[in-house]
2 protein chains.
Amino acid sequence: MVSDLFRTTQPVIIYPSSGTGAAEAALVNTLSPGDLVLAFNSGFFAERWSDIATHYGLRVRVAGGDWEHAVRVEDLAAALRQDRSHHVKAVLVVHSETSTGLTAPIAGIREALDETGHPALLLVDAISSLGTMIYEHDSWGADVTIASSQKGLMLPPGLGFNAISARALAASGSAGQPRSYWAWSSILEANRDGFYPHTPPISLLAGLHESVLMIAEETLPGVQARHAALADLTRKTIRGWGLDVVGPGEPHSNSLTAFWLPPGFDAAEVHMFLTERYGISLGKGLGQFAGRVLRVGHLGNMDIPTLTAALAALHSGLAEIGALPTSATPGTTTAAGPPVSATPDGPSVSAIPGADGSALLPSPFGAPGEQAR
Amino acid sequence: MVSDLFRTTQPVIIYPSSGTGAAEAALVNTLSPGDLVLAFNSGFFAERWSDIATHYGLRVRVAGGDWEHAVRVEDLAAALRQDRSHHVKAVLVVHSETSTGLTAPIAGIREALDETGHPALLLVDAISSLGTMIYEHDSWGADVTIASSQKGLMLPPGLGFNAISARALAASGSAGQPRSYWAWSSILEANRDGFYPHTPPISLLAGLHESVLMIAEETLPGVQARHAALADLTRKTIRGWGLDVVGPGEPHSNSLTAFWLPPGFDAAEVHMFLTERYGISLGKGLGQFAGRVLRVGHLGNMDIPTLTAALAALHSGLAEIGALPTSATPGTTTAAGPPVSATPDGPSVSAIPGADGSALLPSPFGAPGEQAR
């Protein structure tokens, strides 16, 4: 059951929506216009969630955070201690921030809420962590956990999820935000009879059934451990090239790795080059990271051979444009050595076109100095 | 382009949502809490749209209508004439009412608005008519046309559409409903650069691309004419069995045909019997039609042979349980003759299991008297 992935015995609401819709649903079911919420300025998706809250007339107080560090429990604890009158109705936290590759300590946040005896609801965005990282909706005391279909669940986009707690359900009874499509009450009522109040996205639900079976077969801890190993491999590999992963020393996501390009490289141009010449599609930097950061996704139906091949192609591409600090001669990869250790299961690095430094196509970037800006 | 299907040169917004979501989007982008809207009590989906409006604090005035008749332009004209001060901000009409199989005269409604000089926006639910019936967003002066992926577009559910007019777009600038996911402005802004403000449901968008190509190949008028022929065949066939189609003499939808079961039959039981024994899945009656009506869908990727086979199976099933008035002997179909004329392309009726009256399986209904209630 999908609720097993959230580690909850409570109902899980499924929407025909993107994850952004599920983030909106968490707010409009639990809060009223004018309510105060605490949020962290921890990345693009944290900011977007705050923006959604603002659109619904919620007042957002930023409890701290910056994009190069994980959310700090101390920041939340300080904000909660200042709120003796309990004006704060909810805390919004992104578990795995897809724009930075950093993670928030949800269990620690719950402890801070409990230690200060603060009744605020805990709303968690687990869109890019569900299934890839340890996540415990019930035992961590999350009140709403939002997720979507296209990350750890390995499906096309189009399903949004709200896992809810008894407290959140109770809050929805008095929440004053107008709502219809997102209303938990009508969905829970229809679900009891095996129906939905609107036409369900059946092709994605059929896929979800298969995703749940696949994860159960590998076991949820097994899937999470595989993602941890893929993330570790990626970070070590990129650091081994002499590049900086975003947030050194911070807790990282199992789902993606964000890294800085050296000064003078435009991430959008590098992204296009890597796509067109090496056939790999990375994530570009978002928001304040635009132009400077690239992101490697390593989640879902992913194994070491596939990831190794992508990293080898990435290494070759970066070497070709002279973006690797240890690559003495632009256009070759020999100075940096093979990008990753060849594993018994993996393709040999020399099998990757261009990985041996041979230019199969003329570089659209010309000499390294030309694209610096 | 998908806008060609709506017959509009204006932008068409695409949501990751069900059609219900698109119906909500039409309201929250154009109206403000407390606004008065006119609606018709013309079927289940008309009522649901009014319910959504009520959830958002809109005041709904019912201009008339009942489920056995199409929306009457005279009812609207009378309501508009009474509203000299133009309190009514929008008129909500369902073009093809999926619960009744009847259609509303959208062009006539536009004329009534123009003749009375009433500035109300015209919001139209074309969920089950887009692609199957003549529909002209621009020339009929619709301000918002809502649609979804799983009807005439032949796709799984999961895409909602809002075709909009310049007037609707202008109204959205001052509309006071809180909104974020449904907000046209952020979607139009992102679309201009080829993006979406949230993760788009790419598998369905790929399917949509193919749907648009398929319809263009057959031509939109050709697709509409095919649906008109399928609908005509269905109504004539069912009437030929001695059953009553909902709304005799009223304008019917090209997409589905709703018909009454004879007194004493429970539509839910008949539905289950037809599914289990004949492998056909009809629509059950909704709302006030529950238990008394069945609905035959004949839309999308549908041709005469397929429809003929389904009608033959339906005839056999109804005959087997004694639900055909002209079927003198329960359990046989011979009294009523073959359910539809065999066409050169179609399967012969005798190829349908049970169509010759032979009971392949014991009827779960027993003698006709037993299931009457």
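Which residue in β7(A) is the bridge partner of Leu92(A)? Let's work towards that and a few other points in this predicted model.

**Exercise 1. Find the partner of Leu92(A) and place its strand in the sheet of chain A.**

Solution.
- Step 1: Look for strand β4 (residues 88–94) of chain A and strand β7 (residues 121–125) of chain A, which pair in the parallel sense over five bridges.
- Step 2: Within β7(A), Leu123(A) is the bridge partner of Leu92(A).
- Step 3: Now widen the view to the open sheet of seven strands in chain A, ordered β1-β9-β8-β7-β4-β2-β3, where the pairing is mixed.
- Step 4: At the edges you will find β1 (12–16) and β3 (59–62) of chain A, each pairing on one side only.
- Step 5: On average, neighbouring strands of this sheet are turned by 20° against each other, direction ignored.
- Step 6: Finally, add helix α8 (residues 202–218) of chain A, which packs on the sheet and touches β1 and β9 (159–164) of chain A. The direction of α8(A) makes about 60° with that of β9(A).

**Exercise 2. Describe the three-stranded sheet of chain B and the helices that pack on it.**

Solution.
- Step 1: Trace the strand order, β10-β12-β11 (chain B), in an open sheet with antiparallel pairing.
- Step 2: Mark the edge strands, β10 (256–260) and β11 (283–284) of chain B, each of which pairs on one side only.
- Step 3: Follow the two bridges that join β11(B) to the antiparallel strand β12 (residues 293–297) of chain B. Here Lys284(B) has Leu294(B) in β12(B) as its bridge partner.
- Step 4: Add helix α9 (residues 220–240) of chain B, which packs on the sheet by touching β10 and β12 of chain B. Its direction and that of β10(B) make an angle of about 15°.
- Step 5: Add helix α10 (residues 267–278) of chain B, which also packs on the sheet, touching β11 and β12 of chain B. Between the directions of α10(B) and β12(B) the angle is about 40°.

**Exercise 3. Work out how chains A and B are related and how they meet.**

Solution.
- Step 1: Superpose chain B on chain A: this takes a rotation of 180° with 0.0 Å of shift along its axis, and the RMSD is 0.0 Å. The two copies are therefore related as by a two-fold rotation axis.
- Step 2: Locate the axis from chain B, where the C-alpha nearest to the axis belongs to Ser17(B), at 2.5 Å.
- Step 3: Count the residues in the contact: 26 residues come from chain B and 26 residues from chain A. Of the interface residues of chain B, 100% are also interface residues in chain A, so the copies meet through the same surface.
- Step 4: Consider the area buried between the chains, about 2100 Å², with 61% given by carbon and sulfur atoms.
- Step 5: Check the polar side: between chain B and chain A there are zero salt bridges, while six residue pairs are in polar contact across the interface.
- Step 6: Name the elements giving two or more residues to the side of chain B that touches chain A: α2 (19–30), α3 (44–55) and α8 (202–218) of chain B.

How values were computed:
Residues numbered from 1 in each chain as written. Chains lettered and ligands numbered in written order. Predicted model: local features only at pLDDT ≥ 70, side-chain atom pairs only at ≥ 80, totals over all residues. Heavy atoms only, no water. Least-squares fit on C-alpha atoms with pLDDT ≥ 70 in both. Contact = heavy atoms within 4.5 Å. Pairing = 2+ DSSP bridges. Helix = DSSP H or I, 4+ residues; strand = E, 2+ residues; numbered from the N terminus. Axes fitted to C-alpha atoms, helices over the stretch in contact; angles between N-to-C directions. Buried area = accessible area lost by both parts, 1.4 Å probe. Salt bridge = Lys/Arg side-chain N within 4 Å of Asp/Glu carboxyl O. Polar contact = N/O pair within 3.5 Å; in protein donor to acceptor, adjacent residues only side chain to side chain.
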